[in-house]
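The following explanation is intended for a reader who meets this structure without prior acquaintance. Please keep the sequence and the model in view while reading.

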Amino acid sequence: MPVMLFSCADFLDENPNRAGNDPIEDLEQLDNMMNEMAYQTKGSTWGPGASANFANAIASDDYELHPEIQEKIGAQDVGLISILDREYLTYQFSNSYEMGNLFKSIYHLNTVLVNIDNVNGNNETLRKKIKAEALSYRAYYHFNLLVNYSLHPALNEGNNLGMGYRTDISFDSEGISSRNTVSYTMSKIYEDISEAQILFEEIGADDFEVEYNWRLNKISLMAIKARIDLYNGKYSEALAAANYVLSKYNYLEDLNNDVNPSDPYYIYTSQHSYTPKDGAVEQILDVHYTEMNKQVELQMNNPEMIVPVIISSPFGGNFPMSESLYASFDIKSDLRLVKFFTNNAYLKNAGASNFTVAEISALSAEKSHNFQGVSNSTSSISLLQGPNVPEMMLIKAECLARGEDGITKDEAAVQSILQSLRAKRFELASDANNISGNLQDVLTERRRERPYVIRWYDIKRLNALDDAGIVLSKKYFTDRNNSNSGISVYSIQPNANAFALPIPDEELSLLNGWEQNPE
């Protein structure tokens, strides 16, 4: 299937009483609808909410194209624009990739839920399973909307603008609920989670099969709940949910195993010749990379993924690594850095001939790395956005490191968890074990393990719940239109309104009565 991009207008034009080309009359059709919504064909990057959440990925401080490189290659630093230019974000980026995709998925889920109790079929176990899956996905997508477009629930007692909660399939925008408050949206999310959990437990849906991981069960739901509970500072509940998941499924991919060219994460080295700008003799640039077209099956069938939601980049294969993200990898032999980031990427892709030999020598490694992620080609980037096993381990570790909400603090247990994860991420045991069990160690490990995907979420919750004082900063030209004006730092202060991304104008025009997020 190709990548599919939608706005709210798409779901307003759809017939809610049809699945495929036939009227909805029986359970099998709804079962097929769930497959069509959630299954990702090998080699494709379409999935539920395929491009949703990319705005917060590039707005985070994991993403930054350094001005020294941008000046030479003339590329547009979308990551910088996304925190400075509301007009760009509302007109050119989000209207196709963010809210529309999530609303599209929610609309189809509501089509299932509206019909599930009335269609023909005698398999009541299947009926309950389909309903529980649809409720789980609906809660998860509304949570993603909340993280993107609303401030954290702890701010202003949860009375800031929420994202409503869409439960109907009406044709017009009047059927879309008002924004209401953050607390309201979060309460509806938890209502869906609770109902889904009851249904899954009634039918005993607690066996995890990674080859069918797009069809959810109680394990998937608890992984979703663990992420949401952590965001809300419900640490005892997050710990219980993560423990449940890990007791049922705890597979970790060992990055040390990829030693042959046929392996998914085998490291290749290519050499690129170029003539420097200053006319020196031809130079050779070594580039280390992982052959991405061998990773197709690791998208939907990635064995660590519990909820296989994948987000695909609208910007092709260019996904720069910020200096602060690079610095978080304190041991540069970390296989997550070595295998998922390409060195010298921008020098290769944009042409090292734009640089003098001295300029290339002066560029530190952190300024020219590019994220590869998990993709089906070298020209596209996909991020595994859904909860996975490492995230569950890190949620457990964080809750134990905090020792809050009735939890006994246990840094020895935290250290053991981190070392178990890192044993699959480092070649040397001494490197894997070189970590303690304090809270900051856990938070830094989260950033290394899930770059881009979790950073926006973490900045918002840590500032709101812990008063962490994290300022989101990016470097850019002092005069944004003049590459010779010097370099300045642009920032978003903790808990600022900018952490609620502006609602795209196209969507806002269809959502009667909705307020735009304040600047």
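Lys129 counts as partly exposed, because its relative accessibility is 22%, and a residue is called buried only under 20%. This is a statement about a predicted model, as are the others that follow. The side chain of Lys129 meets that of Glu133 in a salt bridge, with 3.2 Å from N to O. Glu133, in contrast to its partner, is buried, with a relative accessible area of 0%. Both Lys129 and Glu133 belong to helix H8, where four residues, about one turn of the helix, set them apart.

Helix H8 holds another such pair. Arg127 forms a salt bridge with Glu124, and the closest N and O atoms are 3.0 Å apart. These two residues both lie in H8 as well, three residues apart, which again is about one turn of the helix. Here the positively charged partner is the buried one: Arg127 has a relative accessible area of 10% and is therefore buried, whereas Glu124, at 41% relative accessibility, counts as partly exposed. Side chains of opposite charge can pair when their charged atoms come close.

Other salt bridges join separate elements. Glu445 and Arg422 meet through their side chains in a salt bridge of 3.0 Å, N to O. Glu445 lies in helix H19 (residues 439-449) and Arg422 in helix H17 (residues 411-422), so this pair ties together parts that are 23 residues apart in sequence. Glu445 counts as buried at 0% relative accessibility, and Arg422 counts as buried at 1%. Both residues also take part in a network of salt bridges, which links Glu304, Asp330, Asp334, Arg336, Arg422, Arg425, Glu445, Arg448 and Glu449. Over the whole structure, a search finds 35 salt bridges.

From the charged pairs the account turns to the nonpolar interior. In soluble globular proteins, nonpolar side chains tend to be buried together. In this model the largest nonpolar core has 100 residues, and those with the most contacts inside it are Ile189, Ile306 and Met392. Helix H8 (residues 124-149), already met through its salt bridges, gives the most to this core, with 13 residues. A second core, separate from the largest one, has 20 residues and includes Ile58, Leu325, Tyr452 and Val453.

What surrounds Ile306, leaving aside residues up to four places away in sequence? Its contacts are Phe208, Asn213, Ile219, Ser220, Ala223, Val245, Pro387, Asn388, Val389 and Met392. Met392 thus appears twice: it touches Ile306, and it is itself among the residues with the most contacts inside the largest core.

The interior also contains enclosed spaces. The structure holds five cavities of 30 Å³ or more. The second largest cavity has a volume of about 80 Å³. Ten residues line this cavity, and Asn144, Val147, Gln385, Val453 and Tyr457 lie nearest its centre. Val453, one of these, was named above as a member of the second core. Helix H8 supplies the largest share of the lining of this cavity, three residues. By character, the lining residues divide into five nonpolar, four polar and one charged.

The loop between H8 and H9 deserves a separate look. Arg166 lies in this loop. Is Arg166 buried or exposed? With a relative accessible area of 1%, Arg166 is buried. Its C-alpha atom is separated by 7.9 Å from that of Tyr107, although the two residues are 59 residues apart along the chain.

Asn156 has its place in the loop between H8 and helix H9 (182-203) too. Asn156 has a positive phi of about 55 degrees, although it is not a glycine. At 49% relative accessibility, Asn156 counts as partly exposed, because the term exposed applies only over 50%.

A further positive phi, near 65 degrees, occurs at Asn495, which is likewise a residue other than glycine. Asn495 lies in the loop between strand S10 (482-492) and helix H21 (505-510). With a relative accessible area of 28%, Asn495 is partly exposed.

Definitions and conventions. Residues are numbered from 1 along each chain as its sequence is written. This is a predicted model: local features need pLDDT of at least 70, side-chain atom pairs count only at pLDDT 80 or more; totals for chains, interfaces and linings use all residues. Side-chain values use heavy atoms; hydrogens and water are left out. A nonpolar core is a set of buried Ala, Val, Leu, Ile, Met, Phe, Trp, Tyr and Cys residues joined through side-chain atoms within 4.5 Å. Buried means under 20% relative accessible area, exposed over 50%, partly exposed in between (1.4 Å probe, protein chains only). Contact means heavy atoms within 4.5 Å. On a 1 Å grid over the protein atoms alone, a cavity is a set of points where a 1.4 Å probe fits but cannot get out, and a pocket is an open set with protein on both sides within 12 Å along at least five of seven lines; lining residues have an atom within 4 Å of a point. Grid points are joined across faces, edges and corners, and a volume is the space filled by probe spheres set on the points. Ala, Val, Leu, Ile, Met, Phe, Trp, Tyr, Cys and Pro count as nonpolar, Asp, Glu, Lys and Arg as charged, and the others, Gly among them, as polar. A salt bridge is a side-chain nitrogen of Lys or Arg within 4 Å of a carboxyl oxygen of Asp or Glu.
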